[in-house]
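Visitor: I am new to this structure and would like a close look at a single part of it. Could you take me there slowly, beginning with how far the model can be trusted?

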Amino acid sequence: MENEFNDESKLIISIVNKGYASEVVSEARKVGSKGAVILTGKGTALSDKKFFGFNVSPEKELILILVKTEIALPVLKAIYAKVDVMSDAGGVVMAIPVSYSAGFIENNELEIKE
């Protein structure tokens, strides 16, 4: 195997307040993404919210979307236009390169990218 990276894919990562993941997925699909993985978690940002004397950590949803590089920027822009940090969703979004991937189906054929 050569020591080259495959730059055909990007992983779009969105973090939004709980309840907004479906909006992220919907916007991404409008510009060509095919699916997503949604994880739940808690934010660790400083918070002054308390409930019966206990600090409350805001619940978050983490959305992972693997897309071809050519649609990564349109997907990222579409998501952020809907759930930006100033909206109720409080969203952030980023894209990172994926060097290798396996197990994804393209055009009804299993492909392993190197």
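**Strand E1 and its surroundings**

Guide: This is a predicted model, and the protein chain averages a pLDDT of 82, with 73% of the residues scoring at least 70. Confidence is highest in helix H1 (residues 21–30), where the mean is 96, and lowest in strand E8 (residues 109–113), where the mean is 52. Over residues 1–5 the pLDDT is below 50, and beyond near neighbours in sequence this stretch has six contacts in the model. Where pLDDT is low, the predicted coordinates should not be read in detail.

With that caution in place, the general layout can be set out. The protein chain holds two helices and eight strands, and from the N terminus on its elements follow the order β-α-β-β-β-β-α-β-β-β. Among contacts between residues at least 6 apart in sequence, 71% join residues at least 24 apart, and the part chosen for the close look offers examples of residues brought together from separate places in the chain.

That part is strand E1, which covers residues 9–17 and includes Ser9. Ser9 counts as buried because its relative accessibility is 14%, which is under the 20% cut-off for that class. Leaving aside its neighbours within four places in sequence, Ser9 is in contact with Leu66, Val67, Lys68, Thr69, Pro97 and Val98. One of these partners, Leu66, has its place in strand E5, which spans residues 59–68. Leu66 also has its C-alpha atom 4.6 Å from that of Leu11, although the two residues are 55 residues apart along the chain. Unlike the buried Ser9, Leu66 is partly exposed, because its relative accessibility is 29%.

The contacts of Ser9 with Pro97 and Val98 lead on to strand E6, made up of residues 92–98. Strand E6 also contains Val92, which counts as partly exposed because its relative accessible area is 37%. Val92 belongs to a nonpolar surface patch of about 550 Å², made together with Tyr80, Val85, Met86, Met94 and Ile96. Strand E6 gives the largest share of this patch, three residues.

Seen against the whole, 27% of the 114 residues of the protein chain count as buried, and Ser9 is one of the buried residues. The protein chain exposes about 8000 Å², of which carbon and sulfur atoms supply 57%.

How values were computed:
Residues numbered from 1 in each chain as written. Predicted model: local features only at pLDDT ≥ 70, side-chain atom pairs only at ≥ 80, totals over all residues. Heavy atoms only, no water. Helix = DSSP H or I, 4+ residues; strand = E, 2+ residues; numbered from the N terminus. Buried < 20%, exposed > 50% of the residue type's maximum accessible area, 1.4 Å probe, protein only. Contact = heavy atoms within 4.5 Å. Areas by Shrake-Rupley, 256 points an atom, 1.4 Å probe, with all protein chains shown as cover. Patch = residues over 30% accessible without salt bridge, like charges linked within 9 Å, V, L, I, M, F, W, Y side chains within 5 Å. Salt bridge = Lys/Arg side-chain N within 4 Å of Asp/Glu carboxyl O. pLDDT = per-residue confidence, 0-100.
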